[in-house]
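User: I want to check the labels on this model. Here it is.

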Amino acid sequence: MNSAQNAPNSPKLTPNMGLKHRNTFGFEVCAELAYEITAAEQIPGLMQQIAEQKLPWRVLGGGSNVILPKLLPGATLLMNIPGQEITQSDESNALITVGAGVNWHEFVSWTIEQQLPGLENLALIPGTVGAAPIQNIGAYGAEVADFIDSIEAFDTVTHAFVTLPKEACRFAYRDSYFKQNPHRFILTKVAFKIPKAWEPRLQYADIAKQFSATDAKPTVQQIFTAVCNIRSQKLPDPKVIGNAGSFFQNPIVPDQQYGDLLKQYPQLVSYPDQAGMRKLAAGWLIDQCGFKGLRAGPVGVYQNQALVLVNHGDGTAEDILGLAKSIQDKVREVYGVQLEIEPNIF
Ligand SMILES: Cc1cc2nc3c(=O)[nH]c(=O)nc-3n(C[C@H](O)[C@H](O)[C@H](O)COP(=O)(O)OP(=O)(O)OC[C@H]3O[C@@H](n4cnc5c(N)ncnc54)[C@H](O)[C@@H]3O)c2cc1C
């Protein structure tokens with residue numbers, strides 16, 4: 001792959017790069033050929049060479065939603081594209097374009113500094129802006145899809161850049177067109193549309209509780225701080241204990257199945273979903289099966305939140321997936337519900 005390194009617009013190549021600090025589980029990982037992508041123009045030439053040489057390849061943002069093996073063969077594209085700019089602003093909306101490699105939380109903080117509120121409920125979610133639309137990140141009653149205008153990506157099937165308007169991105173709960181078509185699009189830039197009319201989103205119980213003592217409308221800064229505080233209390237900091245946030249998606253079941261379960265388990269925790277369906281709290285199911293705080297060798301289930309699997313030190317992808325399987329098997333046996341793993345398994 002030396003020609004890619006020497007060509008104009010070529011990304012920096014590091015052979016055998018360690019990625020322990022670029023995956024939040026903190027697994028020891030070696031990328032055979034790591035390319036640091038700092039500009040979209042670097043992608044077409046590199047992908048051409050990868051195709052010619054029939055190399056395996058994958059894209060990595062901040063590594064906060066992946067389960068990586070010890071060795072990543074072939075090419076790993078580290079998405080480091082910088083830049084954020086307000087490209088348009090009128091009395092209704094502001095349009096902001098942001099490079100895929102920008103840190104999500106830093107971007108959220110920056111929008112608030114620019115007096116463009118809206119993203120505060122999504123503060124402190126780890127990772128990059130380019131990865132945020134892939135699983136339509138969400139928290140505390142907000143989803144990134146609510147604020148996306150369009151996405152620029154390199155289509156590795158047609159070998160051309162495309163700009164997809166929001167409607168083409170088919171966003172749904174932790175889902176998108178990109179997730180449905182894995183290994184096809186490399187997101188390079190995201191355009192956000194932030195409405196100027198702002199209302200606090202307080203429907204989520206944890207947030208509402210913070211402001212229940214007063215009738216005054218909270219400020220953006222107060223909500224931002226509340227979200228950061230709640231998250232810091234509930235979720236382990238990956239710098240201290242390796243994890244990928246929620247490990248399982250909340251399963252969505254038909255009303256009939258939900259009703260049957262509720263008769264048997266009146267304490268069952270669930271949330272409304274689309275008509276005829278109910279979203280069950282995966283953490284509650286796992287907790288009830290006795291897994292909270294359990295250790296399985298170097299990995300385990302976080303003591304304060306059963307939905308989070310953790311690496312206590314020298315764990316590997318096999319260790320985590322082994323633990324995940326025992327949880328899935330038990331939850332299926334007891335509740336008849338299949339838990340799906342949220343992070344991407346490479
Ligand atoms: C402590 C913690 C808390 C979390 N809380 C939340 C939460 O509240 N809500 C939530 O939704 N998620 C949460 N997550 C998950 C994670 O933060 C998000 O999924 C985030 O968007 C992943 O970003 P990343 O840059 O780390 O992506 P990575 O983990 O590097 O990649 C994730 C997937 O996206 C692909 N990808 C990454 N960048 C690109 C790109 N530019 N183009 C194409 N494909 C790309 C990768 O190939 C991979 O398949 C949490 C994770 C942790 C560790």
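Analyst: This is a predicted model. One place to start is Q42, which touches N9, S10, P11, E36 and I37, leaving aside residues up to four places away in sequence.

User: What makes N9 or I37 a contact of Q42?

Analyst: Contact means heavy atoms within 4.5 Å. Q42 meets that with N9, S10, P11, E36 and I37. Q42 itself sits in helix α2, residues 42-52.

User: Why is Q42 called buried?

Analyst: The relative accessible area of Q42 is 9%. Buried means under 20%. Q42 is therefore buried.

User: What makes the pair T38 and Q42 a polar contact?

Analyst: The backbone nitrogen of T38 lies 2.7 Å from a polar atom of the Q42 side chain. The cut-off for a pair of N or O atoms is 3.5 Å. So the distance falls within the limit.

User: Next, strand β10. Why is β10 described as mostly covered?

Analyst: Strand β10 spans residues 148-155. Six of its eight residues are buried, and buried means under 20% relative accessible area.

User: How do you know that β10 pairs with β12 and with β11?

Analyst: Pairing takes at least two bridges between two strands. β10 and β12 (residues 185-195) have seven, in the antiparallel sense. β10 and β11 (residues 160-165) have six, also antiparallel. Both counts therefore satisfy the rule.

User: Which residues stand opposite A153 and S150?

Analyst: A153 faces L187 in β12. The bridge partner of S150 is P165 in β11.

User: What links β10 and β11, and what is the phi of H159?

Analyst: The two strands form a hairpin with four residues between them. H159, in the turn, has a positive phi of about 55°.

User: Now the three-stranded sheet. Why are β14 and β15 called edge strands?

Analyst: This open sheet has the order β14-β16-β15, with antiparallel pairing. β14 (252-254) and β15 (270-272) each have a single partner strand, so one side of each lacks a neighbour in the sheet. From one strand to the next, the twist averages 40°.

User: How do you know that β14 pairs with β16?

Analyst: Three bridges join β14 to β16 (residues 277-280), and the two run antiparallel. At least two are needed, so they count as paired. I252 has K279 in β16 as its bridge partner.

User: What packs on that sheet?

Analyst: Helix α7, residues 255-264, does, touching β14, β15 and β16. The direction of α7 makes about 95° with that of β14.

Technical notes. Residues are numbered from 1 along each chain as its sequence is written. This is a predicted model: local features need pLDDT of at least 70, side-chain atom pairs count only at pLDDT 80 or more; totals for chains, interfaces and linings use all residues. Side-chain values use heavy atoms; hydrogens and water are left out. Axes are lines fitted to C-alpha atoms, for helices over the stretch in contact, and angles run from 0 to 180 degrees between N-to-C directions. Buried means under 20% relative accessible area, exposed over 50%, partly exposed in between (1.4 Å probe, protein chains only). A polar contact is a pair of N or O atoms within 3.5 Å; within protein, one must be able to donate a hydrogen and the other to accept it, and residues adjacent in sequence count only if both atoms are side-chain atoms.
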